[in-house]
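Visitor: I am new to protein models. Could you show me how to read one, feature by feature?

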Amino acid sequence: MALTEEEIQEIKDYVKAYPNKRGACVEALKIVQRHDGWVSDRHLREVAHLLEMTPDELDGVATFYSLIFREPVGRHVILICDSVVCWIMGYEDLLRHLKSVLGIDLGETTADGRFTLLPVACLGACDHAPALMIDEDLHIDLTKEKLDEILARYE
Ligand code: FES
């Protein structure tokens, strides 16, 4: 499916704020993702055209940022911190629990499309490790019990 008129207009509005169109590339990708949940190859090519970039240049940006999804994801994306303080503070137990409750491995989406589980580098909440994000929400000081309660809030 092609970019919608609304997406194109939002990107064009954003581009106006930049002396160089490509300066808006991250925001343009975020606009597409906000509308479609992820950035398909076709959308990437169209955005690259709007920003006068090559698809490869834009893909390099998209794949650099772990919060830009280049494959379809579930309704909610769980980003579990996979860095040293969280490792020390119980990451493995938490991950094992998540995998078992959701029935998926890292990089996978539940059969009902509810959750995608991805690793991410330090979330900057090391003093409250272990931590993870679900969509835009940061969850800290996690235990398996606390995690079960948190998951139940996401339909
Ligand atoms: S190491 Fe996990 S939040 Fe920093």
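Guide: Let us start in a loop. Aspartate 141 sits in the loop between β4 and α7. Keep in mind that this model is predicted.

Visitor: What sign does phi have at aspartate 141?

Guide: Phi is a backbone angle. At aspartate 141 phi is positive, about 50°, although the residue is not a glycine.

Visitor: How is aspartate 141 classed by its relative accessibility?

Guide: Check the percentage against the cut-offs. Buried means under 20% and exposed means over 50%, with partly exposed in between. Aspartate 141 has 36% relative accessibility, so it counts as partly exposed.

Visitor: Which other residue has a positive phi although it is not a glycine?

Guide: Glutamate 52 does, with a phi of about 55°. It comes just after α3, in the loop between α3 and α4.

Visitor: Is glutamate 52 buried or exposed?

Guide: Use the cut-offs again. Glutamate 52 has 57% relative accessibility, so it counts as exposed.

Visitor: Let me step back. How many helices and strands are in the chain?

Guide: Seven helices and four strands. Now read their order from the N terminus: α-α-α-α-β-α-α-β-β-β-α.

Visitor: What about the whole chain? How much of it is buried?

Guide: Of the 155 residues, 40% are buried. The C-alpha atoms fill a box of roughly 50 × 30 × 25 Å along the principal axes. The accessible surface is about 8,800 Å². Carbon and sulfur atoms hold 53% of that surface.

Visitor: How do I read contacts along the sequence?

Guide: Ask how far apart the partners are in the chain. Here, take the contacts with a separation of 6 or more. Residues 24 or more positions apart account for 59% of them.

Visitor: And where do the charges sit on average?

Guide: Compare two mean positions. The chain has 16 positive and 29 negative charges, and their mean positions are 3 Å apart.

Visitor: Now a helix. Which residues of α7 are buried?

Guide: Helix α7 covers residues 144-151, and its buried residues are Leu147, Ile150 and Leu151. Look down the axis of α7: these buried residues fall within an arc of 95°, so they line one face of the helix. On the other side of α7, Glu145 and Glu149 are exposed.

Visitor: What do the buried residues of α7 pack against?

Guide: They pack against β1, α6, β2, β3 and β4. Now look at one residue of α6. Histidine 97 is found in that helix. With 18% relative accessibility, histidine 97 counts as buried. Leave aside its neighbours within four places in sequence, and histidine 97 is in contact with Lys144, Leu147 and Asp148. Leu147 is one of the buried residues of α7.

Visitor: Let me try α3. Which of its residues are buried?

Guide: In α3, residues 41-50, they are His43, Leu44, Val47 and Ala48. Seen down the axis of α3, the buried residues fall within an arc of 135°, so they line one face of the helix. Their packing partners are α1, α2 and α4.

Visitor: How should I read a strand?

Guide: Begin with a general idea. In a regular strand, side chains alternate between the two faces of the sheet. Next, check the pairing. β1 and β2 pair in the parallel sense, over six bridges. Take one bridge: isoleucine 80 has proline 119 in β2 as its partner.

Visitor: Why is β2 described as largely enclosed?

Guide: Count its buried residues. Five of the six residues of β2 are buried, so the rest of the structure largely encloses this strand.

Visitor: What kind of peptide bond joins alanine 129 and proline 130?

Guide: Read omega for that bond. Here omega is about 0°, and the bond is cis. Proline 130 lies in the loop between β2 and β3.

Visitor: Which residues does valine 85 contact, leaving aside neighbours within four places in sequence?

Guide: Cys126 and Ala129. Valine 85 lies in helix α5, residues 84-88. Its C-alpha atom is 6.6 Å from that of alanine 129, although the two are 44 residues apart along the chain. With a relative accessible area of 29%, valine 85 is partly exposed.

Key: Residues numbered from 1 in each chain as written. Predicted model: local features only at pLDDT ≥ 70, side-chain atom pairs only at ≥ 80, totals over all residues. Heavy atoms only, no water. Buried < 20%, exposed > 50% of the residue type's maximum accessible area, 1.4 Å probe, protein only. Helix = DSSP H or I, 4+ residues; strand = E, 2+ residues; numbered from the N terminus. Arc of directions from axis to C-beta. Contact = heavy atoms within 4.5 Å. Areas by Shrake-Rupley, 256 points an atom, 1.4 Å probe, with all protein chains shown as cover. Lys, Arg positive; Asp, Glu negative; His and termini not counted. Charge placed at Lys NZ, Arg CZ, Asp CG, Glu CD. Pairing = 2+ DSSP bridges.
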